[in-house]
Structure formats: C-alpha cells, structure tokens
Amino acid sequence: MTQKIAVLAGDGIGPEIVAEALKVLDTLRADFGLAVETEAGLIGGAAYDATGTPFPDTTLKLAQQADAVLLGAVGGPKWEPLDYSVRPERGLLGLRSELELFANLRPAILYPQLVHASTLKPEVVAGLDVMIIRELTGGIYFGQPRGRRNNAQGEREGYNTLIYSESEIRRIAHIAFQVARKRDKRLCSIDKANVLECTELWREVVVETGKDYPEVELSHMYVDNAAMQLVRNPKQFDVMLTDNMFGDILSDCAAMLTGSIGMLPSASLDKAGKGMYEPIHGSAPDITGKGIANPIATILSVAMMLRYTLNNEALADRVEQAIRATLDEGYRTPDIYSEGTAKVGTVQMGDLIVRKLRA
Ligand code: IPM
Ligand code: MG
C-alpha cells in the first residue's frame, strides 16, 4: 500500500533543504521500491503570503490525511511585524497541536568525521549520542491565559502560563522510558523543581511512571545545571526528558555539540506513532537563497520517518550510511567545514548523498 507524505517546505532555507530530502525520497522510490507518494502544502510565512493565514485548513487536512509530514522551516524577518495570531510560527505550533504530536525526539549524535567541526574539544564530544525527548504540545508554549495587557499602573505587561496536567506528563514520560529501555537505559529528567510548582509535579509524575520501568536508571537535574553539564560533559547523558520550553533551549545547545545545528533531525509523534519530521533548526534568513544550507538534518529526518512511521529500518540505515559515507569522503557544507575538507553547497551535498545511496 502506498503511503502518503505531506511535504511542507515553509520559509527561508526550508524549500532548499526539503528539495534535497525529496531527491532522497525519489531515489528510495525509484531504486528501492519504497511505496510512498508526496503532496506539497503551504505552511508558515509562505502560506500567509498566499492565503492570509500561516496555517490554512487545506494544510491541516493534508497533514491529517497523510501518513507522515515532512517539514522544512518557518519564519523570517519579513513576518516579524505581524500579529502573533498570524506569525509563521503559529502554523508550526498549530500543526503540532492539532495533530497531537506530543512526543518530540531529538537525537544529538556526533559523527566521528565532524569531531573537529564542533566548537568543543574533541575529547569532550567524541562519541556523543544523546537523545532529547521534548514534550511538544503543552507547557508554556500553549498554556492559558496568555497575552499582553496594561496593568493598573498603565504599564504594559506580558504573561504566559506554565501548566501541565499529570496525564500530559505521564504520556511523555512513558515515551522517554521506552526509548531509554532500547538504549543505555539511563534517563535524566530535567526540571526546575526548586522554583516552579509545575515542574515539581513533573518530577513527581516522572518518578511514579518510572516504577513501571525498573530496568531504567532515573535521575533528575535542574535545567540550569543541565545546560552547564551539556557543555561540560555531555557524554554523561543517554536520554534527557524535558518540557516544551526547556527542550527547545537544550536541544539547540545539544545541536552545537554535534558540530552544527544543521545536523539535527527530529521526529514529533502522536500516540499512534504518526509523525511529523523536521530539522530542529530554523529558516536561517541570513543564508537563504545562497545555496549553502546544510540539508543533512532534513535528510536525517527522512531516515527518522523511515524508522518511526514507515517501519523501514533497513532503508533508514541505508540513508544514514549514505550520509556517513559522504562525510567520510570529506564533503562539507560551510557550517561543518574544517580545514582539509571539501566545501560544497546544498544541492551538491544532496547529490553526493544520493550517489552514495545508489552505490
Ligand atoms: C523548534 C523551533 C520552534 C519551537 C519555533 C520555530 C516555533 O525553535 O522546533 O525548536 O520553538 O519549538
Ligand atoms: Mg528551537
């Protein structure tokens, strides 16, 4: 049965990197018999420009009907003056929320070839393999009430609400324990339980959930310490479990350990395992249109799609292998370039990976 992938390229470098991921999908279809079809849709600023909303109904329908979604990136300076309700980011957040993609998996793996691309010392990052599990549809990103108002003194104030129900915490905790069980069986839950009641509950529920997984060693860390530990000694972590906002911040930090934010893919899954796949980086307006964006995070997102939604472990391995082989040959986009390697652009990197895939 042919499975359907909704492709939402979005803004900035989104279309450039998604084009390379589509080349990979086309190759898998043509040469490896992968039974998928793709359909493009609008999201973010591109959708706003075309339809007046960053999250058109047609896009929601397309995503709901599809078996998986591949997304590029959203946002850019052009749309920053707009009201929050129609900002490009609302499209992405709307999609996560409407599809109930509460479980966000962000693997930070340092490819040995890129040990010198990291800004950290090789011995600190060599062999790094951390999985960040970020809660994606709750917390302060979605909590009500939120907004801006004038207070009694006539001063402007802004407010947001950090709120989690225990069921929201429990379902993401289960995912984290299950992921940890398949890895090194160590889970570190991140909170700010010394200050925030909401995350005190987070810790409590994670401990309760852990009773079902006695084989997984559970620890807890305050988020400020976790940020420090990630750059001090990142290899101490196996799986990190975080709320929505802490996960946003810590995953950018973890990305840099791998040499570049252009290397980190992500999967956002619902309770049935349906998913949206996207690089964790943004639309990178500063390099848009220059043909130098790194397409690897997006191509790795395709590998995650093969693994988690299309249940094709063999092809997922094959895609990752093709990336490794391309790096082995010394090809680098500028973000991961180091002396003695060969600098290539977005399209060339995509072509090289496809060539390795076919080899
Ligand atoms: C991410 C991004 C998004 C987020 C933005 C674009 C809304 O930073 O996926 O990490 O904050 O979740
Ligand atoms: Mg982010």
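**Entry 1: Lys185 and Asn311**

I began with Lys185, which is partly exposed in this predicted model, because its relative accessible area of 35% is neither under 20% nor over 50%. I placed Lys185 in the loop that runs between α6 (166-181) and β8 (186-191), and I noted a positive phi of about 65° there, although Lys185 is not a glycine.

I then looked up Asn311, another residue that is not a glycine and still has a positive phi, here of about 50°. Asn311 belongs to the loop between α10 (296-308) and α11 (313-328), and I recorded it as exposed because its relative accessible area is 64%, with the cut-off set at over 50%.

**Entry 2: from Pro145 to the hairpin**

Where is the peptide bond that is cis? I found it from Gln144 to Pro145, with omega near 0°, and Pro145 itself is in the loop between β5 (129-135) and β6 (147-150).

Following the chain into β6, I found that this strand pairs with β7 (residues 156-159) in the antiparallel sense, over four bridges; within that pairing, I noted Gly158 of β7 as the bridge partner of Arg148. The hairpin of β6 and β7 has five residues between its strands, and in it Gly154 takes a positive phi near 80°.

**Entry 3: strand β10 and its partners**

In strand β10 (residues 239-242) I sorted the side chains by direction: Val239 and Leu241 point one way, Met240 and Thr242 point the other way, and all of them are buried. I set this beside the general pattern, in which the side chains of a regular strand alternate between the two faces of the sheet.

Which way does β10 pair with β5, parallel or antiparallel? I found a parallel pairing of β5 and β10 over four bridges, in which Ile133 stands opposite Leu241. I also looked up β8, which pairs with β10 in the parallel sense over three bridges, and there I noted that Leu187 stands opposite Val239.

**Entry 4: ligand 1**

Which residues are around ligand 1? I listed Glu89, Leu92, Arg96, Arg106, Arg134, Tyr141 and Asp248, and I saw that helix α4 (residues 88-98) gives the most to this shell, with three residues.

I then went through the polar distances to oxygen atoms of ligand 1, taking the side chains in turn. For Arg96, a side-chain N or O atom is 2.7 Å from an oxygen atom of the ligand; for Arg134, the corresponding distance is 2.9 Å; and for Tyr141, a polar side-chain atom lies 2.5 Å from a ligand oxygen. Taken alone, ligand 1 exposes 320 Å², and I noted that the protein buries 80% of that. The space that ligand 1 takes is the second largest pocket.

**Entry 5: Asp328**

Is Asp328 buried or exposed? I entered it as exposed because its relative accessibility is 56%, and I placed the residue in helix α11.

I looked up its surroundings as well: the side chains of Asp328 and Gln113 are joined by a polar contact of 2.7 Å. I also noted that Asp328 and Leu114 are 214 residues apart in sequence, while their C-alpha atoms are 9.5 Å apart in space.

Technical notes:
Residues are numbered from 1 along each chain as its sequence is written. Chains are lettered from A and ligands numbered from 1 in the order in which they are written. This is a predicted model: local features need pLDDT of at least 70, side-chain atom pairs count only at pLDDT 80 or more; totals for chains, interfaces and linings use all residues. Side-chain values use heavy atoms; hydrogens and water are left out. Helices (H or I, at least four residues) and strands (E, at least two) are DSSP runs, numbered from the N terminus. Buried means under 20% relative accessible area, exposed over 50%, partly exposed in between (1.4 Å probe, protein chains only). Two strands pair if DSSP finds at least two bridges between them. A residue is near a molecule or strand if one of its heavy atoms lies within 4 Å of it. A polar contact is a pair of N or O atoms within 3.5 Å; within protein, one must be able to donate a hydrogen and the other to accept it, and residues adjacent in sequence count only if both atoms are side-chain atoms. Accessible areas come from the Shrake-Rupley method with a 1.4 Å probe; for residues, only the protein chains shown count as cover. On a 1 Å grid over the protein atoms alone, a cavity is a set of points where a 1.4 Å probe fits but cannot get out, and a pocket is an open set with protein on both sides within 12 Å along at least five of seven lines; lining residues have an atom within 4 Å of a point. A molecule sits in a cavity or pocket if more than half of its atoms lie within 2 Å of its grid points.
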